[in-house]
Amino acid sequence: MVSIASTKGHQNVSMLGIGAYRPNRVVTNDEVCEVLDSSDEWIFERSGIRNRRFVSGDETPRSMAVAAADRAINSSGIDRAEIGAVILATSTWKTLTPHGAPTVAYDLGINGVAAFDVCAGCAGFGYALSVAADQVRAGSAKYVLVIGLETMSLGLDPTDRGTAFIFGDGAGAVIVGPSEENGISPTVWGSDGENASAIAQQYDLVEYMDRANALQGTDPEVEKVGRLAIRMEGPRVFRWAAITLPKALSNVLEQSGVSTDDIDVFIPHQANSRINDLMKKNLGLAENVPVANDIENTGNTSAASIPLAIEEMLVSGKAKGGQIALLLGFGAGLSYAGQVVKLPPAPVEPSF
């Protein structure tokens, strides 16, 4: 009988280092309202956002991903030659082919490793973190680099009151690898394709390209086609979140084997500060448990949201490495993913 070889990994895995990159350009609510029919007060009251970051100058998705990843590697203290895989969670890489991860790996000096993209909207980091942890557990890679990256500003309609003030740009990365004690719980994840159209691009991609190619004219004429702008049905998303997320959070705690009393920090996706505070209350977390609020000055950065929020809490001292954190990402898809994790050490190169 033929015996096929298998791999043996490490059951205990953790995030060993974190890094982030925040674009230089700060965009205030007042600047957004130069085009959008709204006000600083209205935006902050409903979302908790005061500022967000947009790419500018020579900043690109590629440069942001590389910068965040390089900082995560340096913070972890591992030899980058031991990284066996790169997972890039993003919905805004400029091309579907080629995908982004191989290029990022090349720029980091680890060309040749397994490298692929994960597209799961705002839940993307949680999906990628789960795949990375399972890779290490299975022995597919000793260390895995996970990057959450978005340039949401490039797909915004600045006049859309439902989305224009919400989103921002940024990148966050972590190194996942073996540890003495387990630091990443089983993932609770799922999706709702029935309501997926509640967060969607303005155009079907094929339709968009057909319309743009048919113009065969100057750039101003092509601009008339419009951007692949994101549209969101807020009430529909809110109803889905109100039903789905409480169950997801309860399941995360159950699957992780910890109780609400064990949670030191709550780091949900930075979609809306009011929703995040409500989730904390409904979970029954202690009053002194800090909730990530990176949204106030970074906005909603989709797949980059959670690693950016982790970094901000570690740098600001609101959280410390080794503490137990509850994570939950949710959004386009409509998809969600949650884990209980031990936080990595504070980064050696803060992003701000």
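Me: What makes the crossing of α8 and α9 right-handed or left-handed?
Reply: α8 passes α9 in a right-handed crossing. The term applies because the near helix is turned clockwise from the far one by less than a right angle; an anticlockwise turn would be left-handed. This is a predicted model, in which local features need pLDDT of at least 70 and side-chain atom pairs count only at pLDDT 80 or more, while totals for chains, interfaces and linings use all residues. Residues are numbered from 1 along each chain as its sequence is written, and side-chain values use heavy atoms, with hydrogens and water left out.

Me: Why are α8 and α9 called oblique to each other?
Reply: Helix α8 (residues 234-256) and helix α9 (residues 273-283) have axes that come within 11 Å and cross at roughly 45 degrees. Angles under 35 degrees count as roughly parallel, over 145 as roughly antiparallel, 65 to 115 as roughly perpendicular, and the rest as oblique. The two helices are therefore oblique.

Me: Which residues of α8 and α9 meet, and how do they divide into nonpolar, polar and charged?
Reply: From α8, Phe238, Leu245, Leu249 and Leu253 meet Ile275, Met279 and Leu283 of α9, where contact means heavy atoms within 4.5 Å. The contact holds seven nonpolar residues, no polar and no charged ones. Here Ala, Val, Leu, Ile, Met, Phe, Trp, Tyr, Cys and Pro count as nonpolar, Asp, Glu, Lys and Arg as charged, and the others, Gly among them, as polar.

Me: How do α3 and α4 cross, and what is that arrangement called?
Reply: The axes of α3 (residues 61-76) and α4 (residues 100-107) come within 10 Å and cross at roughly 55 degrees. That angle makes α3 oblique to α4. The crossing of α3 and α4 is right-handed. Arg62, Ala65 and Val66 of α3 meet Thr103, Val104, Tyr106 and Asp107 of α4. The residues of this contact divide into four nonpolar, one polar and two charged.

Me: Why is the pairing of Glu296 and Arg50 called a salt bridge?
Reply: A salt bridge is a side-chain nitrogen of Lys or Arg within 4 Å of a carboxyl oxygen of Asp or Glu. The side chains of Glu296 and Arg50 meet at 3.0 Å, N to O, and therefore form a salt bridge. The pair links distant parts of the chain, 246 residues apart: Glu296 is in helix α10 (residues 295-298), and Arg50 is in the loop between α2 (40-47) and β3 (51-54). In total, the structure holds 14 salt bridges.

Me: What sets Ser302 apart in its phi, and where is Ser302 found?
Reply: Most residues other than glycine have a negative phi. Ser302, although not a glycine, has a positive phi of about 50 degrees. Ser302 is found in the loop between α10 and α11 (305-316).

Me: Which residues does the cis peptide bond with omega of about 0 degrees join?
Reply: That cis bond joins Thr97 and Pro98, and Pro98 is found in the loop between β4 (83-89) and α4. Another cis peptide bond, with omega of about -20 degrees, joins Gly333 and Leu334. Leu334 has its place in the loop between β12 (324-331) and β13 (335-342). Most peptide bonds are trans.

Technical notes:
Axes are lines fitted to C-alpha atoms, for helices over the stretch in contact, and angles run from 0 to 180 degrees between N-to-C directions. Helices (H or I, at least four residues) and strands (E, at least two) are DSSP runs, numbered from the N terminus.
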